[in-house]
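Biologist: I am new to this entry. Could you please show it to me before we begin?

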Amino acid sequence: MKFTLDQTDSKTRARAGLIETDHGVIETPIFMPVGTAATVKAVHQHELRDEIKAQICLGNTYHLYLRPGLDVLSQAGGIHGFNGWKGPVLTDSGGYQVYSLAGTRKIKEEGVTFQSHIDGSKHVFTPEGVMDIQRTIGADIIMAFDECTPYPCDFKYAKNSLDMTHRWLKRCIDRFDSTEPHYGYSQTLFPIVQGSTYPELRKISAEIIGSYGREGNAIGGLSVGEPAEEMYAMTEIVTEILPLDKPRYLMGVGTPQNILECIARGIDMFDCVLPTRNARHGVVYTSQGVIHVKNAKWKTNFDPIDAESSVETSKIHSRAYLRHLFVNNEILGMQLATLQNLGFYLWLVKEARKHIIQGDFSTWKDAMVVQVGNKL
RNA sequence: GAGGUUGUAGCUCAGUCGGUUAGAGCGCUAGUUUGUGGCACUAGAGGCCGGGGGUUCGAGACCCCUCAUCCUCC
């Protein structure tokens, strides 16, 4: 993997760059659609590429390990061979499931014991095991196994957890660096900064993570319920320390406003389930603001879903029709809304990149934050 | 015409021996969702209990009349 920095904004820390992988290039800042189970829910791969213009997608280690399982993925030639997405892929390590499946797992120094949400069976995830699994899944970018701490989190827990995440990182790196990719293209490992909402912990973590000199670095443990201002503050502290010549990935963020604010704070990569999950629940993002399309006010609104959209179906179909599809629980409703939301997110980061290069990012961003926050 | 059935929220229906402020599901109206177990979750509005009269301290429930409904028979 290779990262080139094209331009840095003069008034903010925003950057425009280029990531080159064996499965193609990624223009940053970028939003990465989440495809937990080897599918971005409700979207076909050709739509991801041709309509949404996605440049990289996510998968999830925990979910893919349980289903379809490593045998199937290995025989398919890895995730790319399995789902037909030929672009770059990033897999999350399962660290988030340490947080989200808190009721059915146990954390120890050695690793985490999960109880499968599918059949209740027990599975042990260790840093070494998670590296091996991600080798088998075959993502271009793989993530270190960490603990994503909850919010709020007391200092003592956050510090102990952070220390363990750092010990786990060492084990991840040792394992990753002593193994080879399975499918003939290269993989790279991103470590993850933790430290909850404590500035001193975040600083320590950013210094340790940066010192490994990996090809990219991530920030985790945010957007777990803390106020947005606190998330911005932590992001700012960390991007001040992380190496400038490596991409920074802010995990799990966020709303369109969050993304704009964090681009301004020096983030290059984002992923979030919000555009896809909200789409399935009738919340539609447009360049003019947010539409709750199930609301009665759209019943006879025959304007396009988003006249400015890069997605063809959003220009063809009306808000009234989309509302009708949702009210009837029709599958097409979720498809159209997901296309629109992802298309919008990709459009947003592309515009951000354009304005960083043009040199007017700061003023554009301030206006856009207001615009995308409107409720229509 | 005779005998019977059923009338409770927009719809389908619960409602115990007559006892506090009449409930549910769906629908409707809104809200929530941030490295995706969950087309999910949370909340709200909505009632002359067909109508009238009676019994009773107290009636959605019991009695009488009436209207509507559906069924059976002539």
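Modeller: We can now go through a helix pair, the RNA surface and a sheet of this predicted model.

Biologist: At what angle do helix 13 and helix 14 pack?

Modeller: Helix 13, residues 319-327, and helix 14, residues 331-358, pack at about 130 degrees, and their axes are 7 Å apart. The two helices are therefore oblique to each other. Helix 13 passes helix 14 in a left-handed crossing.

Biologist: And which residues make the contact?

Modeller: Helix 13 contributes Leu322, Leu325 and Phe326, while helix 14 contributes Leu332, Gly333, Leu336 and Ala337. Of these contact residues, six are nonpolar, one is polar and none is charged.

Biologist: Turning to the RNA, which residues come nearest to strand B?

Modeller: There are 44 residues around RNA strand B, and Cys148, Ser223, Gly252, Gly254 and Val273 come nearest. The surface near RNA strand B comprises 17 nonpolar, 20 polar and seven charged residues. At least two residues of that surface come from each of strand 5 (57-60), helix 5 (95-100) and helix 11 (274-280).

Biologist: What is the strand order in the open sheet of three strands?

Modeller: The order is 7-8-9, and the pairing is antiparallel. Strand 7 (105-107) and strand 9 (122-125) each have a single partner strand, so one side of each has no neighbour in the sheet. From one strand to the next, the twist averages 15 degrees.

Biologist: How many bridges link strand 7 and strand 8?

Modeller: Strand 7 pairs with strand 8, residues 112-115, over three bridges in the antiparallel sense. Within strand 8, Phe114 is the bridge partner of Arg105.

Terms used:
Residues are numbered from 1 along each chain as its sequence is written. Chains are lettered from A and ligands numbered from 1 in the order in which they are written. This is a predicted model: local features need pLDDT of at least 70, side-chain atom pairs count only at pLDDT 80 or more; totals for chains, interfaces and linings use all residues. Axes are lines fitted to C-alpha atoms, for helices over the stretch in contact, and angles run from 0 to 180 degrees between N-to-C directions. Helices (H or I, at least four residues) and strands (E, at least two) are DSSP runs, numbered from the N terminus. Angles under 35 degrees count as roughly parallel, over 145 as roughly antiparallel, 65 to 115 as roughly perpendicular and the rest as oblique. A crossing is left-handed if the near helix is turned anticlockwise from the far one by less than a right angle, and right-handed if clockwise. Two residues are in contact if their C-beta atoms, placed from the backbone, lie within 7 Å. Ala, Val, Leu, Ile, Met, Phe, Trp, Tyr, Cys and Pro count as nonpolar, Asp, Glu, Lys and Arg as charged, and the others, Gly among them, as polar. A residue is near a molecule or strand if its C-beta atom, placed from the backbone, lies within 6 Å of it. Two strands pair if DSSP finds at least two bridges between them.
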